Amino acid sequence: MKNIFTLFTLLTLFCFTGFSQNAPIDFEDDGIGADWTWTVFENDTNPPLEIVDNPDMSGINTSARVAQFTALETGNPWAGFESAHGPDDLGPFVLDASNSIIRVMVWKPVISNVGVKLVSENGWAQPEILIPNTVVNEWEELTFDFSDFDNPPSAEGPYDQIVIFGDFDTDGREQDNVIYIDNITFSESNGNGGEDPTEVTVTVDASREFVGFANVFETPENGSDFVFGSPWGVADIKSEIDADANTVTLFPNFNTYADNPDDPFWVDQATGLGNKVFEGNTFIEDASLVGNIVTFEGEVQSYTLSSDYDVEVFIRVFNEDFSASREVVAPITEAGEFSITFDDPGAEDALVQYGFTVRGLNANPEDEEALGNVVIGAEDDNGGEDPTEVTVTVDASREFVGFANVFETPENGGDFVFGSPWGVADIKSEINADANTVTLFPNFNT
């Protein structure tokens with residue numbers, strides 16, 4: 001998905017005028033980056049950077065064209081690619097609060113560092129920032145924070161080159177790794193006027209209005225291609241929202257099978273199994289959370305769902321026209337508490353979604369009991385109600401009680417001997433109601 005915005009830089013930091021980098025770098029035929037002079041380095045034979053069709057138009061990136069970098073097994077760990085100096089590629093710009101967060105979408109078959117480096121027109125640079133991807137074989141957006149980086153000395157000229165390290169693995173590669181890069185954006189350091197964003201915690205609230213959205217894919221046997229995505233009724237997904245119990249119960253999808261048992265699009269007529277991978281998303285949309293650090297937490301009360309299905313909890317953040325998104329996702333695999341945090345708000349953010357995903361074959365409703373479900377609620381410490389906070393202090397007018405525990409001395413082994421009620425005065429403690437004090441002494445009466 002493309003994140004389209006125009007970025008103006010501060011001109012007062014240097015004696016240059018008219019500086020603004022060419023961004024976002026989206027590699028589209030009619031966009032930015034596809035026709036740049038990219039140079040591959042430290043990669044043995046240095047196969048060129050290719051601009052290719054997006055091999056995985058799903059998740060956060062459904063754009064048409066992306067950059068393909070092949071990190072050779074025989075290449076150096078720091079192999080990468082770089083734009084040309086001068087005004088035609090990235091162009092000169094001044095690093096400031098408006099452009100110091102650089103985000104890069106990556107698709108990788110391995111976990112390793114991705115690096116971003118900025119270089120001035122005369123070659124001056126600070127060390128690259130390295131961030132590892134956390135998932136493989138799907139798109140993920142990585143965030144590189146340059147807010148603490150200096151601009152080059154005036155004699156070195158402004159930054160005008162970006163360098164990308166796609167597979168910075170000092171342990172060495174075991175094979176050639178094909179890396180896809182897309183949607184390199186420059187944005188403000190946070191989305192809250194320069195002030196630190198507020199931390200907000202949300203949890204399961206079944207009294208809220210939930211929204212459904214379905215993404216449908218071919219089965220792995222049929223290539224796993226994305227077929228379509230569209231809004232979907234929450235009950236049809238199927239998710240059950242119980243406001244009285246304050247729970248969300250997640251199931252596999254049944255309605256596509258139930259409504260179309262003779263349609264080979266939805267049902268494999270030879271096996272009787274569902275014929276599509278159905279991704280049901282059940283979530284709350286809340287624009288008031290924009291610009292905040294958002295934590296979503298709750299408790300999986302029971303997990304009986306078949307292992308053929310995957311369940312995730314997510315926070316997704318979109319721009320105004322839904323052309324770009326970022327997300328935090330975590331798997332749910334068993335009963336217990338969960339907590340995820342989205343901690344990188346941006347100026348372009350316009351909507352926050354948080355909720356759950358169930359992914360697997362659309363299923364025969366006759367198998368509902370056998371396939372199980374997942375019941376999720378808020379963390380429950382007090383029968384479903386928040387506990388009351390009570391403060392107590394010393395009140396010498398109250399009735400105090402005494403209890404004694406007696407032990408052998410350390411020289412005699414320190415063993416417990418007995419415990420019993422004991423007079424407060426004998427313990428010896430003195431309660432003075434007039435002064436409202438309790439005075440504590442060693443024990444003397446024994």
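1. The charged end of Lys276 is placed over the ring of Phe265, at 3.9 Å from the ring's centre. This position, like every other described in this note, comes from a predicted model. A second arrangement of this kind involves Lys238, which lies over the face of Phe251, 4.6 Å from the ring centre.

2. Aromatic rings also pair with one another, and the structure holds 23 such pairs. In one of them, the ring centres of Trp38 and Phe81 are 5.4 Å apart and the planes meet at 75 degrees; the pair is therefore edge-to-face, since an angle over 60 degrees is required for that label. The two partners come from distant parts of the chain, 43 residues apart: Trp38 belongs to the segment before strand 1 (39-41), whereas Phe81 belongs to strand 4 (residues 80-82). Both Trp38 and Phe81 are buried.

3. Another edge-to-face pair is formed by Phe217 and Phe226, with 5.5 Å from centre to centre and 65 degrees between the planes. How exposed or buried are the two partners, Phe217 and Phe226? Phe217 counts as buried because its relative accessibility is 13%, and the limit for buried is under 20%. Phe226 has a relative accessible area of 37% and is therefore partly exposed.

4. The pair of Trp38 and Phe81 should also be viewed in a wider setting. Ring pairs link Phe27, Trp36, Trp38, Phe69 and Phe81 into a cluster. The student may wish to locate these five side chains together in the structure.

5. Arg326 deserves a separate paragraph. This residue is found in strand 19, which covers residues 325-332. Is Arg326 buried or exposed? Arg326 counts as buried, because its relative accessibility is 7%. The side chain of Arg326 is joined to that of Asp349 by a polar contact of 2.4 Å. Leaving aside residues up to four places away in sequence, Arg326 touches a number of others, including Arg103, Glu141, Phe342, Asp344, Glu348 and Asp349. Asp349 thus appears both in the polar contact and among the residues touched by Arg326.

6. The final point concerns a hairpin. Strand 25 (residues 429-432) and strand 26 (residues 437-440) run antiparallel and are joined by four bridges. Ser429, for example, has Leu440 in strand 26 as its bridge partner. Which residue in the turn of this hairpin has a positive phi? Four residues lie between the two strands, and Asn436 in the turn has a positive phi of about 55 degrees.

Technical notes:
Residues numbered from 1 in each chain as written. Predicted model: local features only at pLDDT ≥ 70, side-chain atom pairs only at ≥ 80, totals over all residues. Heavy atoms only, no water. Buried < 20%, exposed > 50% of the residue type's maximum accessible area, 1.4 Å probe, protein only. Polar contact = N/O pair within 3.5 Å; in protein donor to acceptor, adjacent residues only side chain to side chain. Contact = heavy atoms within 4.5 Å. Pairing = 2+ DSSP bridges. Phe/Tyr/Trp six-rings, centres within 6.5 Å; stacked < 30°, edge-to-face > 60°. Lys NZ or Arg CZ within 6 Å of the ring centre and 35° of its normal.
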